[in-house]
Each structure stands twice: as structure tokens, then as C-alpha cells.
Amino acid sequence: MSIPKLVSINPATKKTIGSVQVNPVNQLQPVFERAQKATVAWSNMRLTQRSQTLRLVRKKLVAHMNELSELIASETGKTNWEGFLEVFTTVEHLRHISRHGPEYLRTECRSSGIFLHKKCYVNYVPHGVVGIISPWNYPLILTATPVVEALMAGNTVVLKPSELTPLTGKRMGELFHEAGVPEDALQVVHGFGDVGAAIVDSTHTDMVCFTGSVEVGRKIALACAEKLKPVILELGGKDPMIVLEDANLERAAGAAVWGGFSNCGQTCISAERIYVVESIADKFIGLVKTKTKELSVGPDKTNSDVGALVSEQQQEMVMAHIKEAVSGGADILSGGEDLSAVGGYFIKPAVLEVYDESSNIMTRETFGPEICIMRVKDAEEAIKKTNASSYGLSASVFTKDKKRGQKIAKKIQAGSVCVNDVMTNYITADLPFGGMGISGIGRVHGPEGLRSFCQIQAVLVNRFGLKREPWWYPISKRTKKLFKTITKIIYG
Ligand code: NAD
């Protein structure tokens, strides 16, 4: 029987750019076994040796940065510049992980409390084999960073890239191997959801890191719960932006347009809901409209500002959200037209003024080139509306009063908040990243992210060779009395 192929199509031209062989589910067992065997040698390497190998991976990616940028752009429909930005963000994360990994994963001394005759510390121990399943919207960074975190922590990896972007995943794997990561320590397999599900279900995978939709995330959470397998879930968002009356409107409007339309709006932390205080709303909306109209859209990967959506299905979904919002009373202030006539899955960046909070475009992830603006009375109303969503990935607040912005950040239910900025938190490699609510469980990036790829082992060592502890059998009356007295003195 011939093995099926995954064909990769450029969404900007609808032309085939290549294919990879699917790894049939019934042929995955040897992959898992090799990954498990490889854990011994890889986890026994010193932290500094692993970080040195990952440094070489970073250099390899930089040496191939133009090739990678173009491949990413071709597979996803984004512009070459956006492909480059993805490579840039990836190597910044790699630099951080290889530089700080040994420090974050080093054995950590802990207080032994009142037991002065004991030494206590914590070891960060690898899980074993980590299954990593990734989406298509950032096919390099969302595969490379969890892979590097898992490897740095001493795990081996079985990676499944999205079925829409297999070529980037394949090329990434090759470059990692060329840089010195053993073939069995990182294995890339290809296929649809059934291959992902097999990775989650395998008795050989000890942990799962999934980035993708809430719907699939739920299924993976259930499968992992059944097996009590640790899991990180990096899921969707419906990110709010709050623009207050004292905001720098030029900056806020620029952030809204970049936060809403870069990567064709297909970023989990895209600004999708904008709450703007009534008193400055007209001016803000005017600036957003002007900036949006200046954007060029189309298949010219070198000169366009906004590229294509990834697929026909994605384009239909975004158009459906826009149409439904308009029929429900929303106003289109700019764009929103289907530009398929130019050859690929294009939509003209859309700015909508929305009045109905319950519409799909305000409650469900749209994941396309659209931003929805809603006027609010004041900051309190903006915070209330922000927190009314069941998503909680990230958010942004614009105000010239930075203290006020930081106070508001604390009130927002989101895994990350930017004050007077948007999405840059993701590029900042030392900040942990992950969601609240249905946006996910667990963290990647920063020390918290790296340690998520470890099991935490607590060790207690007895310092002296005493024959026994006073609370071991037999326990004398004198000891019992002494303990009660000590308890009163110390804790009373
Ligand atoms: P998706 O959930 O459809 O697919 C993601 C991956 O899961 C793919 O590789 C797919 O083959 C695999 N998969 C599908 N069914 C599976 C199953 N039953 N078991 C295991 N694996 C399975 O998501 P997508 O459309 O590729 O990506 C878009 C989504 O990802 C959006 O919701 C977006 O917000 C989210 N996302 C989140 C983050 C984050 O960091 N929080 C980052 C990027 C994208």
C-alpha cells in the first residue's frame, strides 16, 4: 500500500509548493521507541553541553534565515517580512534559552526550615519523551521554541507540525540535526489530527505540549487526564485592547492596526476587540481608518503589508463573522471585501464599529484581518467588558499614565498584559507566556516555561550520622513534652 502524502499549497497563489510523506499511525511505534531510547544519552549530557548544541542550532537558523523566511511565507501566505520576523523572534528565544537555560535548570537550594541538620534542594528532572503538536500560523516559532525548551530540559521530542505547514517543520528538523541535535532526540512526524492523537495517546510520550485551537485542546486535555500525563495547552484568544481618554492616540492607533492585521490577523494574540473611551473615540477611529487604508494587500510577498489567509476555510470563517456582524447592526468603517479575485485567500483589512457584544465577532476567535471597535463610557466599563470573555490570552492598555495602566493590568484576566504596547510580550523571551480561562493551561518561555518541561524533584539529605530522629519509635514521654514546649515557643 502506498503511503499518503501531505501536499503543501501556497495560500497566496493556490499553487503546490511541495509535499511530505505522512507517517501512518500504525507505523509510529518505532519512532516512539527510538525517542525513548535516546533520552538516556541526551538527558545525561551536561546542561552546558546541551546549551552549546542549541547555540549551534541558533547559528544554523541564522545562516538559513532568508531561505526559512521565504519558505514560511510560501506555506502560510504571509509576507517575506513577516516570515523574517518569525525567524528573528525564534532566534531571540533560542539565544535566551541557551544562555539562561543552565541557570534556570540548575539544582536549587531550599531552606530546611527548623531542621537545621538537614540539607534541602530541588532538582529539575526531564519528563522523558515530549510530544509537541503545533499549528500553522507561526510554523517555525511555535515548533522551534517548545522543541528547544524540551531539549534544553533534557527531554527528547516527537514533533508533529501542522498539516498545512509540513515543509517548514521538516526543514526545521533537518537544520536542528545538521547543527548537532541527534536524529532520535528530535523526530519530526507528519499527518493530520490522528497522528497528533497517537502522540498524545502513546505510552512512550511522558508529556504533551500542544499549541492550537480550544476545541482540539479540550480533546487533548481529556486524553491526558485519562493517563495523568502532564500537558501544556497554548490555545486561542480574543484579545482586548483598552484605549483610555489620556492615551497617545497616534501610538494606540498604530498598535491597533499592527496588532490586528500583521500576520493577516492570524495571531493568537491579535488585537480583536478594541474598547475605546467615548470622549476620544472619533479621533482614534479616524486614525485607525487612515492607517488601515494605507495598507497594501496582495500576493506580492516582497512589497505587500498584509498577506493571505491560510486556507479557503479560514477565509470563509472570517467573511462569515464580518457578514453576520454587519447584518446584526455593526458598521464597516473600512475594508472587509473578499479579494479572492487576485488569486489567493485575501481579505481587505476590515475595521468595524460594533454595538452588540454578543455577536460571534466579539465573542469567538475570528483569526483574520479584522478589528472591532466598541465605544465605552470609561475605564471601568472597558475592564468589565474585557473580562466578560471566556478567553484570557493577552490584553493591552493605552494610557499616558503608566501607573494607571499597570493598575488596570492587574485587574485584567489575561496571561499577559502590555501597557502602551501590543504583542511585544511574545518576543520578550524571559516573560512566561500562556493563557487564563479557556486560552490554556501552563506556560512556555522564561524560567517558568523552561521548568514546565521538567518534573520537580525535592531532595532532603541528612547532614549528620545520628542514630535516630527524636520522632522515630520509640517516642519517649520526655520527647513528646519537649515537642509541645518547642511548638509553643516557636509558633505560639
Ligand atoms: P488546530 O487545533 O486545528 O490544530 C493544531 C494541531 O493539532 C495541528 O497540528 C493538528 O493536526 C493537530 N490536531 C488536530 N486534531 C488533533 C487531535 N485530536 N489530537 C492531537 N492533535 C490534533 O489549530 P490550528 O488551526 O492549526 O491553529 C490555530 C489555532 O491555534 C488558533 O485557535 C490559535 O489561536 C491557536 N494558537 C494559539 C497559540 C498560543 O500560543 N496560545 C499560538 C498560535 C496559535
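**Figure 1. The largest cavity of this predicted model takes more of its lining from α4 than from any other element, 4 residues.** The structure is a predicted model. The volume of this largest cavity is about 280 Å³. Its lining is made of 16 residues, and those nearest the centre are Thr-89, Tyr-138, Thr-267, Tyr-426 and Ile-427. Two or more lining residues come from each of α4 (80-104), α5 (141-152) and α15 (424-427). Sorted by class, the lining holds 10 nonpolar, 4 polar and 2 charged residues. In total, the structure contains 6 cavities of 30 Å³ or more.

**Figure 2. The second largest cavity encloses about 100 Å³ of space.** Leu-142, Thr-145, Pro-146, Cys-209, Thr-211, Glu-234, Leu-235, Cys-268, Tyr-426, Phe-433, Val-444 and His-445 line this second largest cavity. Two elements, α5 and β8, give two or more residues to the lining. The largest share is that of α5, with 3 residues. By class, the residues lining the second largest cavity are 8 nonpolar, 3 polar and 1 charged. Tyr-426 appears in this lining and is also among the residues nearest the centre of the largest cavity.

**Figure 3. The largest pocket has a volume of about 1100 Å³.** The lining of the largest pocket consists of 40 residues, with Trp-136, Gly-212, Ser-213, Glu-215 and Val-216 lying nearest the centre. Elements that supply two or more lining residues are α7, β8, α8 and α11 (312-327). Of the lining of this pocket, α8 provides the largest share, 6 residues. The lining divides into 19 nonpolar, 13 polar and 8 charged residues. The ligand sits in this pocket.

**Figure 4. The shell around the ligand is made of 28 residues.** Among these, Ser-134, Glu-163, Ser-213, Leu-235 and Glu-365 come nearest to the ligand. At least two shell residues are supplied by each of α7 (193-201), β8 (207-211) and α8 (214-227). The most, 3 residues, come from α7. In the lining of the largest pocket, by contrast, the largest share comes from α8. By class, the shell holds 15 nonpolar, 9 polar and 4 charged residues. Ser-213 is one of the residues nearest the ligand and also one of those nearest the centre of the largest pocket.

**Figure 5. Polar atoms of the protein approach nitrogen and oxygen atoms of the ligand.** A polar side-chain atom of Glu-365 is 2.5 Å from a ligand oxygen atom. In the side chain of Lys-160, an N or O atom lies 2.9 Å from an oxygen atom of the ligand. The contact at Leu-235 involves the backbone: a polar backbone atom of this residue is 2.7 Å from a nitrogen atom of the ligand. On its own, the ligand has 860 Å² of accessible area, and the protein covers 88% of this area. Leu-235 and Glu-365 are both among the residues that come nearest to the ligand. Leu-235 also belongs to the lining of the second largest cavity.

Technical notes. Residues numbered from 1 in each chain as written. Predicted model: local features only at pLDDT ≥ 70, side-chain atom pairs only at ≥ 80, totals over all residues. Heavy atoms only, no water. Near = heavy atom within 4 Å. Polar contact = N/O pair within 3.5 Å; in protein donor to acceptor, adjacent residues only side chain to side chain. Areas by Shrake-Rupley, 256 points an atom, 1.4 Å probe, with all protein chains shown as cover. 1 Å grid on protein atoms, 1.4 Å probe; cavity = no way out; pocket = protein on both sides within 12 Å on 5 of 7 lines; lining within 4 Å. Sits in = over half its atoms within 2 Å of the grid points. Nonpolar A, V, L, I, M, F, W, Y, C, P; charged D, E, K, R; others polar. Points joined across faces, edges and corners; volume = space filled by probe spheres on them.
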